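Dear colleague,

I am passing on to you the structure we spoke about, and below it I have set out what was found in it.

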Amino acid sequence: MSTKPTPRVRVPAQVKPGEIFEIKTLISHEMESGQRKDSAGKIIQRKIINKFVAEFNGKTVFEADWNPAISANPYQSFFYKAAESGEFTFTWKDDDGSNYVSKNKLTVAA
Amino acid sequence: MVWNSVETTRREALALASIFGFAALLAPKMSVADEQTVAAEIKKLYGDKKLESGKIKLDVPEIAENGLVVPVNVEVESPMTDADYVKAVHVFADGNPLPGIVSYRFSPACGKASASTRMRLAQTQNIICIAEMSNGNLHMAKANVKVTIGGCGG
């Protein structure tokens, strides 16, 4: 039906300690709302990504619960305050139980 | 003969018109959330707690040409320290089939309580935003978006 959702994340490679920077994420996904009907008048089953989680070094820093009102190919941006170097793990949770994951390294240096 | 055929077509036309009229009446109208549904959702989350104004900057376009992709940015004023930060932000719409749009959970590590996404809006409606602070205070902001083409069904 569609290709596997591909996450795209923009995290600056290097930041200064204490710097607050924006993280932008995008994932390809149709976000089928469960409100639409097919040509036969049958409701098309809902299939959305219902949750986005951002972790840094294993600690959850930001979460978003998405409803069917989120557009296809969902975009999410948020901020993070640099403290130490490490790795982000971004997880998108699909209605069908799949998880899509992206890992991005962050270097904090003065 | 001529009269007859005219009569028939006219009758048919009338019959058709009435059928369509009925169909329009009977067709399951898409249920739409309204102010009450949104209020009920907020009550479910926070009971009858007082909703203060201010602190929230809800950034949505005044007019959205395409209801399928409407940018929405929420920024809540807060020092974002361990003692004082924004815990959660909920965004609702009062004219979509479902009232909920998105719920965020922030942590002091965010440094700034700001997040952007894109939403679908079925029609012109209000966007309602609730922010829950770490001390339990609630803030509310509201904005109207005029939608030219709805982003629902199809």
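**Strand β9 of chain B and its partners**

Within this predicted model, a good place to begin is B:Ile128, whose bridge partner in β9(B) is B:Lys142. That bridge belongs to the pairing of strand β8 (residues 125-133) of chain B with β9(B), which runs in the antiparallel sense over eight bridges. The two strands form a hairpin with four residues between them, and in this hairpin B:Gly136 takes a positive phi near 95 degrees.

Strand β9 (residues 138-149) of chain B also pairs in the parallel sense with strand β1 (residues 51-52) of chain B, over two bridges, and here B:Glu52 stands opposite B:His139. A further parallel pairing, over three bridges, joins strand β3 (residues 63-66) of chain B to β9(B), with B:Lys146 in β9(B) as the bridge partner of B:Ile63.

**Chain B as a whole**

Stepping back, chain B has two helices and nine strands, and along the sequence these follow the pattern α-α-β-β-β-β-β-β-β-β-β, with the helices ahead of the strands. Of the 154 residues in chain B, 34% are buried. Among the contacts in chain B with a separation of 6 or more, 70% are between residues 24 or more positions apart.

**Where the two chains meet**

The contact between the chains takes 23 residues from chain A and 28 residues from chain B. On the side of chain B that touches chain A, β6 (100-105) and β7 (113-119) of chain B each supply at least two residues, and the residues of that side divide into 14 nonpolar, 10 polar and four charged. Strand pairing also crosses from one chain to the other, since strand β6 (residues 75-81) of chain A and β7(B) pair in the antiparallel sense over three bridges. In this pairing, A:Ser77 has B:Ser116 in β7(B) as its bridge partner.

**One residue of chain A**

Finally, you may wish to look at A:Pro12, which is found in the loop between β1 (7-10) and β2 (14-15) of chain A. Is A:Pro12 buried or exposed? It counts as partly exposed, because it has 14 C-beta neighbours inside 10 Å, whereas a buried residue would need 20 or more and an exposed one 12 or fewer. From A:Pro12 to A:Asn50 the distance is 26 Å, C-alpha to C-alpha, with the two residues 38 apart in sequence.

With best regards

Notes
Residues numbered from 1 in each chain as written. Chains lettered and ligands numbered in written order. Predicted model: local features only at pLDDT ≥ 70, side-chain atom pairs only at ≥ 80, totals over all residues. Contact = placed C-beta atoms within 7 Å. Nonpolar A, V, L, I, M, F, W, Y, C, P; charged D, E, K, R; others polar. Pairing = 2+ DSSP bridges.
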